[in-house]
Each structure stands twice: as C-alpha cells, then as structure tokens.
Amino acid sequence: MTVISSPEEGECVPNRSKNNQIEELASFAGKNVSLGKDFSVRRVLPNAKQRSVGPFVFFDHFGPSSIEEHAMNVGPHPHVGLMTISYLYEGAILHRDSTGAEQMVLPGEVNGMISGNGVTHSERGKLKDIKPHLDKLNRQLPLRSHGLQLWIALSKEGEDVDPSFHHAPCVSVNENTSLVVGKTNTRHQKNIPIDPHLGKVVFLDIQFFGQSETFELSFVGGLSEVEDIVKDPSIELGVYVSTGKIALQSGWGSVDGRTVESGNMTVVKIPNNEYFRGSLQSLTPDTRVAVLGGTALPEKRHMFWNFVATSRDKVEQAAQAWDRLDRAIFPEVVNEDNKDSIPLPKRKN
C-alpha cells in the first residue's frame with residue numbers, strides 16, 4: 001500500500017539485547033492515517049517507539065469498513081527494496097503490477113510482491129473493479145473490507161533482485177490459525193518465497209472465537225545458518241490485536257500477564273538459541289491476533305514514501321526515477337491506463 005499523504009522518512013535501526021533474557025522492546029497503539037478522501041488506516045509500523053519488528057518495517061491495519069463507502073482504490077505507485085504482503089480478513093482486492101501480474105486476493109489467501117530494484121503496482125477494491133473478477137470465480141460480492149498490509153525489508157544482498165509476484169493460500173496450523181508467510185517449527189509457507197538472507201521470518205493469523213481460549217507459540221530464537229550474515233540473530237516478535245483483547249499469558253518474560261487491547265502491539269526480543277514458548281489467551285469473543293517478526297535486521301534501513309534501502313543514495317535515486325516517470329525502472333502497470341499514477345510527495349522539511 002502506498003502512503004498517499006504524510007510521507008514518513010526515517011531510519012529503522014536494529015535493536016540489541018542487553019542480556020540473555022526475553023525482554024520487552026515496546027508497547028504502543030497504532031495511529032490513524034488518512035490515505036485519501038474515502039480511505040484511512042491504522043498505521044502500526046513504523047512507530048516512534050519501534051521502527052521495525054524483525055524484517056517488517058511497515059504495517060497498516062485497515063477496516064472493517066463498508067466497501068461501497070470506503071473501499072481501497074490506490075493508483076499505480078512504485079516500490080524498491082521491499083516485499084509487500086497483502087492479507088484480508090474480509091473483502092477482496094485486485095492487484096495489478098508491472099511484472100504482468102493481475103491477481104485477486106481473498107480471505108485465506110496472501111499476495112506477496114517482491115519489489116527488488118523497482119516495481120509499479122495498483123490496488124483496487126471498489127465494487128466496479130472487483131465484481132468482474134469475483135463473477136468469474138463465482139464468488140459473492142463482499143459487504144466489508146478488513147485486512148492488513150505489511151512490508152518486509154529485503155536484505156542488503158537481496159534488495160536489487162528483479163521484481164516478482166506470488167500468490168498462494170495460507171498454510172493451516174490448526175483450525176483457528178494460519179501461517180501467512182515464513183515458517184514455524186512445524187509449518188512452512190513454501191509458495192511465498194522469502195529473501196533467504198533475512199533469516200527467520202514469520203507471520204501468523206490467530207482467531208479466537210470464544211473467551212478464555214488459548215494458543216501456544218513455540219520456536220527456537222535465532223537461526224544458526226544465518227549467524228555469518230547477521231550480527232545479532234535474535235528474534236523480534238510483535239503481537240498485534242486486530243479485534244478483541246488478549247493476555248500474554250505465560251512465557252513472555254517481563255510482560256507475562258500483560259493485556260493487549262485492539263489496535264495495540266507489544267514487541268519482545270528472544271535471544272539467539274533460546275527456546276521460546278509463549279501462550280496467548282483471548283479475553284473477549286471474536287478476537288483476532290497477528291503475530292509477526294523474525295531475525296533482527298543487521299543494519300539500519302532508510303525509508304521515504306514507498307522506498308526502502310540500506311543506502312540513502314538508493315532511496316534518493318528511486319525517488320528521482322519516479323519523479324521523472326522513468327519507465328526503465330518503474331514500468332507501467334498492466335491492464336491500467338496509468339493516468340492516476342500517484343506523484344512523488346514533497347519531503348518534510
């Protein structure tokens with residue numbers, strides 16, 4: 001998803017463990033951001049308290065809202081140095097990009113677009129855009145739109161790869177939990193490739209239908225195979241509550257027993273090679289939780305608008321290329337007239 005207004009520029013600086021214990025890095029609420037006349041989101045990352053969680057440098061939560069009144073409608077815009085993840089609780093979004101991809105994403109599925117050295121894409125959620133595609137799939141028109149959009153920063157070694165697009169169903173962990181991207185101890189989302197230089201990456205969607213239900217998450221912190229790549233192969237893990245309320249029941253170190261409300265995230269750091277087992281408990285019915293994170297980024301990231309890179313020069317070069325609509329770097333989106341391409345925003349002074 002693009003940031004149409006209030007562009008943010010900054011750096012994502014990796015955290016460092018002070019000891020060999022699970023520690024709290026931050027707890028915070030997302031902030032409401034308008035992305036146009038009819039569409040707004042809750043911006044979770046980047047946050048002043050936590051710029052990134054593992055390789056995740058951007059996290060928007062949108063909806064639930066009426067598709068007729070507040071549908072996503074984002075014209076062609078560019079990306080470099082990142083992978084976009086689109087995941088829906090409700091609704092439908094039509095993705096098109098400059099690799100030639102045209103793909104609906106529906107609940108239970110995930111779209112992953114690797115921008116690499118440059119890609120252009122659009123996201124259409126209005127009924128007029130999604131109805132022809134849903135009719136072909138024999139699917140009913142949704143009434144509401146609700147979901148998450150995230151960016152994973154590519155590694156220094158992987159940020160200049162050619163762009164590519166990937167779509168897949170989520171991987172079932174149990175009847176209430178799906179692995180969206182990455183891997184756990186027992187499941188692997190093999191159809192959405194992750195930059196291998198990043199180490200561990202995970203994004204889980206957990207549903208609690210009743211009150212006092214529990215879910216246990218377990219894995220070993222860090223990854224031995226990336227120790228020669230990253231300086232601190234610890235795991236940064238964020239727990240975000242999309243709807244309802246949960247308790248970090250046990251295994252979470254200093255935040256054991258912490259209540260996390262809807263729209264809030266708590267982030268912890270799990271030291272390398274430490275076995276982690278943490279349980280979550282729903283405090284209300286109809287609770288939905290995103291658990292995401294991975295190996296801590298080994299170097300800072302420079303960010304401006306839709307551009308992420310390990311070098312400020314790369315961000316600047318991408319901004320200049322889009323400003324002049326350099327189609328060698330940012331080709332046109334397929335099956336679009338590209339007339340509503342989003343211009344480069346002015347930088348903050």
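Select phenylalanine 28 first: methionine 265 in β21 stands opposite this residue. The model is predicted; local features need pLDDT of at least 70, side-chain atom pairs count only at pLDDT 80 or more, and totals for chains, interfaces and linings use all residues. Residues are numbered from 1 along each chain as its sequence is written, and side-chain values use heavy atoms, without hydrogens and water.

Next, select β21 (residues 264-270) together with β2; the two run antiparallel and are joined by six bridges. Strands here are DSSP runs of E with at least two residues, numbered from the N terminus, and two strands pair if DSSP finds at least two bridges between them.

Extend the selection to the open sheet of seven strands, which are ordered β2-β21-β18-β23-β16-β15-β14 with antiparallel pairing. At its edges lie β2 (23-29) and β14 (171-174), each paired on one side only.

Now move to strand β8 (residues 93-97). Five of its five residues are buried, so the strand is largely enclosed by the rest of the structure. Buried means under 20% relative accessible area (1.4 Å probe, protein chains only). In a regular strand, side chains alternate between the two faces of the sheet. Colour Ile93, His95 and Asp97 on one side of β8, and Leu94 and Arg96 on the other; all are buried.

Add β9 (residues 102-105), which pairs with β8 in the antiparallel sense over four bridges; leucine 94 has methionine 104 as its bridge partner there. In the turn of this hairpin, select glycine 100, whose phi is positive at about 105°.

Finally, show β11 (residues 119-124), joined to β8 by four bridges and running antiparallel. Its glutamate 123 is the bridge partner of histidine 95.

Methods:
Buried < 20%, exposed > 50% of the residue type's maximum accessible area, 1.4 Å probe, protein only.
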